[in-house]
Amino acid sequence: MSAPILPTRNLTYGGDWNPDQWPKETVAEDIELMKEAGVNLVSLGIFSWVKLEPKPGEYNFGWLREIMDQCHEAGIYVDLATPTAAPPVWMVRSHPEMLPVNKDGVRLGFGSRQHFCPSSREYRKRSRAIAAALANEFKDHPALVMWHVNNEYACHNPRCYCDVCEGDFQEWLREKYGDIETLNHAWNTHFWSQEYSDFSEIFPPRTMPTLPNSAQELDYWRFSDSQTLKLFQAEAAELRAVTPNVPVTTNFMGEFMYLDYRKWAPHIDMISDDSYPDPALPGAGHQVAFEADIMRGLKGGQPFLLMEQVTSAVQWRPQNTPKRPGQFELWSLSRVAHGADGIMQFQWRQSPGGAEMFHGGMVNHAGKKSRWWNEVVKLGESLSKLSPVVGGRVEAQAAIVMDWDSARARHLTAGPNDSPQDFPGVRAWHRTLWEKNIALDLIGVEDDLSGYKIIIVPELFIDYPEFSARLQDAVENGAHVVVASPSGVVTSTLRAILGGYLGSLSDLLGVAVTDHALHAPDAHSWARPDYNQVDPRVDRITRAVDTPGAVDYHDLEVRSPALLRALDQIGTPRPQPRGGVWGEYVMATKEADQFTDPMWLIDEVEVIAQFAPESDLGGWPAITKRKVGKGTAWYVATNLDSVGRDALIRLLAAHARVDVTGADLPDGIERVKRGDVTFYLNHSDRAVQLAGVTGFDLLSQAEATGHAVIAPRSAMAIMAK
Ligand code: GLA
Ligand code: ZN
């Protein structure tokens, strides 16, 4: 159990509150409404810098103290923010060099937020100073339970390209590489005559005539990430020096790629997340679970706080669909089930103007007349009944490896195809395990692997020999491991792995990848109609040309009887698994020099499925399996579709004896066990009957005696006897 956020040991409920933007009457009304809704925590002062420091060094904390006193009287605790995501105009006017500069050399203007360069000395000095001043002012305030540093670091200013950043980048590189020859080798600057003779010659990767050196770009991302982390650390140090017992957080953004949250996590006391799945998408319920699992994974399973979500609809998408009735509570409870110790919203009261005027709040423009108010009150009630889950852990026998640097490296590498700023493979495999109701942890390459029966390693683009060695140990000790492409393609400095991709994973898997073979439809600007259209009546030459790469999939042929049986379990007629755009030439490492026929079974490597003859990969292995010690190691040489993933997980779960009974639950039902409480979440539009549910339902406060009915988009939380 980890320490609860509130002295009352309740789940927290509330949101960002901006009383400084409202008249006194509204503030008084807010406090009453908060009591009605069961709010017990508010985040204060997140963007209030100019109110707190109207002139340089002149602090005005009186209004905040008054608000915090009012909170305390009402039994509401405070997550107090440092206001450093919104520097005041006086700072910008006196130090315009603190504004960030974009890739094109344009200095960004004042008028929104996060208008600071992460290397600005002035900004650093002033943000530390206000953090220290706040800490000294409120260190003994009885309402203070947490510090909220800045807001969504790097959301709008992930990288600055100013001259100060240039100098700091050179220093950072000097520190990292030691001597310039090491950098020249790491970046392979011999290509295109980019060699440097001194660190002081190096530029940030500003807009340039054509493709940048991707190793330089990756280092610039890492440098900017570390500059931003230093800002957080500087503020946190000021706070901790004064209030060592008040936990410090800063709000993350799920799978945001610009900051490596795994590197940040050790510096943060309580992980917190802002999460805004699009309710218009059927996969939104999965995104809720995915993000929650990411957050729970950042500190080895420790509970996290949902710092922000919206009650109804956001305003920043081109089209903003509200949540369906009940979804606000359903998704909140899903996060609690996956490890959240509190549910907070952006924001308490919807703004009367400005950029976020049409972003939903707990109190919307129409006040209590808004249909969301009832949902807000209801969620407050529900959360108040769930104290038994506070601090509780989710137990998982499966893990998926998620590596920020690999995702960045893959995104920044030119070719084999464009990859989104995202974790498509991690997300896809997580989705499959979630649909099959198999609990899992999202872990990093540095995490302990023992204790997991199934480990999935999708798109680990960077080769980590130390991780590969630990993975090998895990398999020898009985784990069943799936590695999926593209993995082991580059070193951590973004040099190609020579002699066969998969690098240090090859020994374990018994295979190496010699070449990538993508199907790449929509080939960008050169997909001109005159290249793509064929009039078979007259185009005598082109009508005879085959282009298997014009489709966005690779058909597969399954060879393994066990996988065929797994596919038969999915349905009749037997569904056919497919690969996606990604394909590869895979060879057994033992035979890599004298390869003759792809239809092989060499040593312990078994070909489970192969590419179908329609593509040039026809007959080459698409899925392989190798027995190693007490476990098995599988390799998947394509981005397998959902049917293929499902069938493979069936096989693995059978090998690993992992409980898959959750997959037999009725459609739409997610079951998650946290501590002693089992949540049943009905994502569907139908009332669902469940058999065999016994225990005490914390939400309805009634005994479940075997047969239970869960209303559409609602939940049960069953406490074991
Ligand atoms: C982010 C920010 C909030 C607000 C919301 C809107 O999460 O932290 O201040 O802008 O987005 O969705
Ligand atoms: Zn800068």
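In this predicted model, the zinc ion (ligand 2) is held by four protein donors, C117 (SG), C160 (SG), C162 (SG) and C165 (SG), at 2.2 to 2.4 Å. The arrangement is tetrahedral because the angles subtended by the four donor atoms run from 99 to 114°, and four donors count as tetrahedral if all angles lie between 85 and 135 degrees. For reference, the ideal angle for four tetrahedral donors is 109.5 degrees.

Along the chain, the donor residues follow the spacing C-x42-C-x1-C-x2-C. C117 sits in the loop between helix 4 (89-94) and helix 5 (121-138), whereas C160 belongs to the loop between strand 4 (144-148) and helix 6 (163-177); the pair therefore ties together parts that are 43 residues apart in sequence. Both C117 and C160 are buried.

The surroundings of ligand 1 come next. Its shell consists of F47, R113, N151, E152, D274, Y276, E308, W316, F346, E356 and H359. By class, these residues divide into five charged, four nonpolar and two polar. Side chains of the shell also make polar contacts with oxygen atoms of ligand 1. An N or O atom in the side chain of N151 lies 2.7 Å from a ligand oxygen, and the side chain of W316 likewise places an N or O atom 2.7 Å from an oxygen of ligand 1. For Y276, the corresponding distance is 3.5 Å. Taken alone, ligand 1 exposes 300 Å², of which the protein buries 96%.

One member of this shell, F346, also takes part in a cis peptide bond, the one leading to Q347, with omega near -15°. Q347 is located in the loop between strand 9 (340-345) and helix 12 (371-384). Another cis peptide bond links S485 to P486, with omega about -5°. P486 is part of the loop that runs between strand 13 (480-484) and helix 16 (506-509).

Backbone phi angles complete the description. E459, a residue other than glycine, has a positive phi near 40°. Its loop connects strand 12 (454-458) with helix 15 (465-476). E459 is classed as buried because its relative accessible area is 13%, and the cut-off for buried is under 20%. Q701 is likewise not glycine and has a positive phi, near 55°. This residue lies in the loop between strand 23 (688-697) and strand 24 (702-710). Its relative accessibility is 44%, so Q701 counts as partly exposed.

Definitions and conventions
Residues numbered from 1 in each chain as written. Chains lettered and ligands numbered in written order. Predicted model: local features only at pLDDT ≥ 70, side-chain atom pairs only at ≥ 80, totals over all residues. Heavy atoms only, no water. Near = heavy atom within 4 Å. Polar contact = N/O pair within 3.5 Å; in protein donor to acceptor, adjacent residues only side chain to side chain. Areas by Shrake-Rupley, 256 points an atom, 1.4 Å probe, with all protein chains shown as cover. Nonpolar A, V, L, I, M, F, W, Y, C, P; charged D, E, K, R; others polar. Donors = N, O, S within 2.8 Å, 3.2 Å for Na, K, Ca; no water. Tetrahedral: all angles 85-135°; square planar, octahedral: opposite > 155°, others 65-115°. Helix = DSSP H or I, 4+ residues; strand = E, 2+ residues; numbered from the N terminus. Buried < 20%, exposed > 50% of the residue type's maximum accessible area, 1.4 Å probe, protein only.
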